[in-house]
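Reader: I am new to this structure and would like a close look at a single part of it, taken slowly, with the surroundings brought in as they become useful. Please explain each term when it comes up.

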Amino acid sequence: MTTLTTIAAGIEILAAEERKSAEVTDWAARIGWVVGLLLFVALVYWLMRQGWKWRGSLQSDLPEPSPVTGDGGTPLAVLEGRYHGSTTAGQWLDRIVAHGLGVRSRVELTLTEAGLDVVRPGARDFHIPRAALREARLDKGIAGKVLAEGGLLVLTWEHGGTLIDSGFRSDRAAEHNDWVATLNNLITTTEGAR
């Protein structure tokens, strides 16, 4: 009987320990950590924004791109997809942010005899004159966007004495090869006419 009494007493002790309330959370410390984390994130965002503005001021000598006129004639090719930004030609990490050229967006490209119209909803549209076009190629990356080999249509053009690479990706990647051929053909005939 004493063994049963001992077991019963042990069970009562365990049951009594389970009925204790859980430890109270230190809310002041938690709120302090959350506020500190939010302040840190805000500081990082502010520093990134200042860097973007600083880069834009360094590139302020670049003239503003021509606006889209829409009177270039019959479209030779049309592409819908994404604009991934522009960089200094040959330097795929040197993003150009002046005049909104660094803003990623949806895009509709229209190639005509007059040049290339770049229409970007939510960002500044611009026109690349036919005489400014230098080269079209397939590549794998541009300033913060890396894709599979040949996944990016890169167009090199001259603006204000600076060669610029602009990266585009079609919604239908199979169009890229046709665009490269069409653009390079247009560039070749332009150079032949000079």
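Author: A good place to begin is His99, which sits in the loop joining strand S2 (95–96) to strand S3, where strands are DSSP runs of E with at least two residues, helices are runs of H or I with at least four, and both are numbered from the N terminus. The model is a predicted one, in which local features need pLDDT of at least 70 and side-chain atom pairs count only at pLDDT 80 or more, while totals for chains, interfaces and linings use all residues. Residues are numbered from 1 along each chain as its sequence is written, and side-chain values rest on heavy atoms, with hydrogens and water left out.

His99 has a positive phi of about 60 degrees, although it is not a glycine. Most residues other than glycine have a negative phi. Because its relative accessibility is 23%, His99 counts as partly exposed, a class that lies between buried (under 20% relative accessible area) and exposed (over 50%), with a 1.4 Å probe and protein chains only. In the loop between S1 and S2 we find Gly90, which counts as exposed because its relative accessibility is 70%. Gly90 and Asp165 are 75 residues apart in sequence, yet their C-alpha atoms are 7.4 Å apart in space.

To place these loops, it helps to step back to the whole chain, which has 3 helices and 10 strands, arranged along the sequence as α-α-β-β-β-β-β-β-β-β-β-β-α. Of its 194 residues, 32% count as buried. Among contacts (heavy atoms within 4.5 Å) between residues at least 6 apart in sequence, 60% join residues at least 24 apart.

The interior can be followed through the largest nonpolar core, which has 26 residues, with Ile128, Leu155 and Trp179 making the most contacts inside it; such a core is a set of buried Ala, Val, Leu, Ile, Met, Phe, Trp, Tyr and Cys residues joined through side-chain atoms within 4.5 Å. Among the elements that each supply at least two of its residues are strand S1 (77–88), strand S3 (105–112), strand S5 (126–129), strand S9 (152–159) and helix H3 (175–193), and the largest share, 5 residues, comes from H3. Leaving aside residues up to four places away in sequence, Ile128 touches Ala114, Gly115, Leu116, Val118, Leu133, Leu155 and Trp157.

A search of the whole structure finds 3 aromatic pairs, meaning Phe, Tyr or Trp rings (for Trp the six-membered one) with centres within 6.5 Å, called stacked when the planes are under 30 degrees apart, edge-to-face over 60 and tilted otherwise. Tyr83 and Phe126 make an edge-to-face pair, 6.1 Å centre to centre with 70 degrees between the planes, and this pair links Tyr83 in strand S1 to Phe126 in strand S5, 43 residues apart. Tyr83 is buried, with a relative accessible area of 0%, and Phe126 is buried too, at 2%. Phe126 also pairs with Trp157, this time stacked, at 5.8 Å centre to centre and 20 degrees between the planes; here the link runs from strand S5 to strand S9, across 31 residues. Like Phe126, Trp157 is buried, and Tyr83, Phe126, Trp157 and Phe168 form one aromatic cluster.
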